[in-house]
Amino acid sequence: MASPTLVGDEGEFGSVRSLYVASTTGRVECLNVDNGEPFWSMDLKKVSRMASARVNAAPAVEIHRDGGTERRRIYIAAELSNDVGLSTIVRWYCFEDEVK
């Protein structure tokens, strides 16, 4: 599992603290820091339609605030391969998470 990325300030009014985690099996999740429950999760194998997806680095998170809305862009690099493992590509993903 890659290192998790913690986002959100406990002292900031209205801020939602989240832990972004990516596993070496290609699962990406946003967890509630207070109880460990997932806000959302996705499987990069399904997103990429490849047999294997591997994430070896921590997700990078960019935060944009506009009024009462916080948009978080989550950047992830994944190594994808087909069934036989002969064809491997590296792909960058950017997902957007919106917090109100």
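**Strands, turns and salt bridges: a conversation**

Trainee: Let's start in strand 7: which residue there stands opposite Asp 66?

Mentor: Good place to begin, and keep in mind that this is a predicted model. Asp 66 belongs to strand 6, which covers residues 60-66, while strand 7 covers residues 69-81. Across from Asp 66, the residue in strand 7 is Thr 69.

Trainee: How many bridges join strand 6 to strand 7?

Mentor: These two strands run antiparallel. They form a hairpin with 2 residues between them. Strand 6 and strand 7 are joined by a number of bridges that comes to 7.

Trainee: Which residue in the turn of that hairpin has a positive phi?

Mentor: Look between strand 6 and strand 7, where 2 residues make the link. One residue in this turn has a positive phi of about 65°, and that residue is Gly 67.

Trainee: Where does Arg 49 lie?

Mentor: Arg 49 is worth a pause, as it has a positive phi of about 60° although it is not a glycine. Helix 1 spans 44-48 and strand 5 spans 52-54. Arg 49 is found between these two elements, in the loop.

Trainee: Is Arg 49 buried or exposed?

Mentor: The cut-off for exposed is over 50% relative accessible area. Arg 49 has a relative accessibility of 77%, so this residue counts as exposed.

Trainee: Now the open sheet: in what order do its 4 strands come?

Mentor: The pairing in this sheet is antiparallel. Strand 1 (5-7) and strand 4 (38-43) are the edge strands, each pairing on one side only. Neighbouring strands are turned by 15° against each other on average, direction ignored. Reading across the sheet, the order is 1-2-3-4.

Trainee: And which residue in strand 4 stands opposite Leu 31?

Mentor: Strand 3 takes in residues 27-32, and its antiparallel pairing with strand 4 runs over 5 bridges. Opposite Leu 31, the residue in strand 4 is Pro 38.

Trainee: Let's move on to charges: are Glu 70 and Arg 72 buried or exposed?

Mentor: Their side chains meet in a salt bridge at 2.6 Å, N to O. The cut-off for buried is under 20% relative accessible area. Glu 70 has 7% relative accessibility, so this residue falls under that cut-off. Arg 72 has 0%, so this partner likewise counts as buried.

Trainee: How many residues apart are Arg 71 and Glu 98?

Mentor: The side chains of Arg 71 and Glu 98 meet in a salt bridge at 3.2 Å, N to O. This pair links distant parts of the chain, with Arg 71 in strand 7 and Glu 98 in strand 8 (residues 88-99), and the separation is 27 residues.

Trainee: Why does the pair of Glu 96 and Arg 73 tie together separate parts of the sequence?

Mentor: Here the side chains meet in a salt bridge at 3.3 Å, N to O. Glu 96 lies in strand 8 and Arg 73 in strand 7, so the pair joins parts of the sequence whose separation is 23 residues.

Trainee: Which residues are joined into one network by salt bridges that share partners?

Mentor: Take the accessibilities before the names: Glu 96 is partly exposed at 49%, and Arg 73 is partly exposed at 32%. The network made by shared partners consists of Arg 71, Arg 73, Glu 96 and Glu 98.

Trainee: Last one: how many salt bridges does a search of the whole structure find?

Mentor: We have met several, including the one between Glu 70 and Arg 72 and the one between Arg 71 and Glu 98. For the whole structure, the number of salt bridges found is 5.

How values were computed: Residues are numbered from 1 along each chain as its sequence is written. This is a predicted model: local features need pLDDT of at least 70, side-chain atom pairs count only at pLDDT 80 or more; totals for chains, interfaces and linings use all residues. Side-chain values use heavy atoms; hydrogens and water are left out. Buried means under 20% relative accessible area, exposed over 50%, partly exposed in between (1.4 Å probe, protein chains only). Two strands pair if DSSP finds at least two bridges between them. Axes are lines fitted to C-alpha atoms, for helices over the stretch in contact, and angles run from 0 to 180 degrees between N-to-C directions. A salt bridge is a side-chain nitrogen of Lys or Arg within 4 Å of a carboxyl oxygen of Asp or Glu.
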